[in-house]
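Okay, thanks for squeezing me in today. I'll put the structure up and then walk you through the sheet, the core and the overall build.

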Amino acid sequence: LEELSILGCEYAVVPGIPKERRGIESVPYLIGKFNQWGAASKAAGLRFGYHNHGWELEPLDGSTMLDLLTSGTDAALVDFQIDVYWALVGGADPIALIRQLAGRVPTLHAKELAKGADQKDTTIGDGVTNWAELLAAAKAAGTEWLIVEQEDDPANAYRDIRRSLANLRRLTAEPEIAAQSEP
């Protein structure tokens, strides 16, 4: 936390849970740790969060790991960094997740699921996500950062990030400004 503060970071985010902690028996331990780390982060002037993947959305004893973590943690201490791509791969509606966790999603992984059955990611706006509705939900939920990420085509990383950013800028532009900038 001290290093994050020195670097000027605002958030401390756990990027995932080890495989051995991905069962229902680990839920009380994880909730306790997340609340503890959230309190320590808050005391250090940071917000604490957890980044989801697809497995947290799989059925787990009548619920999901993500549901158990969100309902068991203190909303004043623990945020969730929803990854749009992984929510979709896990069979969830990322828009519904963002709405459900309003006030707890300060950062969002803007990552796109490609069309088709191969579950690859693609550039923002070129996949299955309803970005207009998702971005409206994120804004209403208090999301401050959209983090663009793409993993599946490293050979074209610079081209793809430019396209994703251009599409995201177009999607987040004010309607009258966007209309003026269209050719």
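**Starting in the sheet**

So, let's begin with one residue pair: Leu108 sits opposite Leu146, which is in strand E9. Just so everyone knows, this is a predicted model.

Staying with that strand, E6 covers residues 107–110. Its side chains alternate: Thr107 and His109 point one way, Leu108 and Ala110 point the other way, and all of them are buried.

Now, who are the neighbors of E6? On one hand there's E5, residues 78–83, paired with E6 in the parallel sense over two bridges. Asp83 is the residue standing opposite His109 there. On the other hand there's E9, residues 145–148, also parallel to E6, over four bridges. In E9, His109 has Ile147 as its bridge partner.

Zooming out, what's the strand order in the open sheet? Reading across, you get E1-E2-E5-E6-E9, five strands with parallel pairing. The edges are E1, residues 11–14, and E9, each of which pairs on one side only. From one strand to the next, the twist averages 25°.

There's a helix to point out here too. H2, residues 27–43, lies across E1, E2 and E5, and it runs at about 145° to E2.

Okay, on to the core. Generally speaking, nonpolar side chains in soluble globular proteins tend to be buried together. Here, the largest nonpolar core has 37 residues, and the ones touching the most other members are Tyr50, Leu69, Phe80, Ile82, Ile98, Leu108 and Leu134. Which element gives this core its largest share? That's helix H6, residues 131–141, with six residues.

So Leu108 is back, this time as one of those core residues. Take Ile98 as another: leaving aside residues up to four places away in sequence, Ile98 touches Ile82, Val105, Leu108, Leu134, Ala137, Ala138 and Ala141.

Last bit, the whole chain. We've got eight helices and nine strands. The C-alpha atoms fill a box of roughly 55 × 40 × 30 Å along the principal axes. Why call the radius of gyration of 17 Å consistent with a compact globule? Because a compact globule of 183 residues would come out near 16 Å, and the chain's 17 Å agrees with that.

Buried residues account for 42% of the 183. If you take contacts between residues at least 6 apart in sequence, 70% join residues at least 24 apart. And the chain exposes about 9,900 Å², with carbon and sulfur atoms supplying 54% of that.

That's my tour, happy to rotate it for anyone.

Technical notes: Residues numbered from 1 in each chain as written. Predicted model: local features only at pLDDT ≥ 70, side-chain atom pairs only at ≥ 80, totals over all residues. Heavy atoms only, no water. Core = buried A, V, L, I, M, F, W, Y, C linked by side-chain atoms within 4.5 Å. Buried < 20%, exposed > 50% of the residue type's maximum accessible area, 1.4 Å probe, protein only. Contact = heavy atoms within 4.5 Å. Pairing = 2+ DSSP bridges. Rg over C-alpha atoms; globule rule 2.2 N^0.38 Å. Areas by Shrake-Rupley, 256 points an atom, 1.4 Å probe, with all protein chains shown as cover. Axes fitted to C-alpha atoms, helices over the stretch in contact; angles between N-to-C directions.
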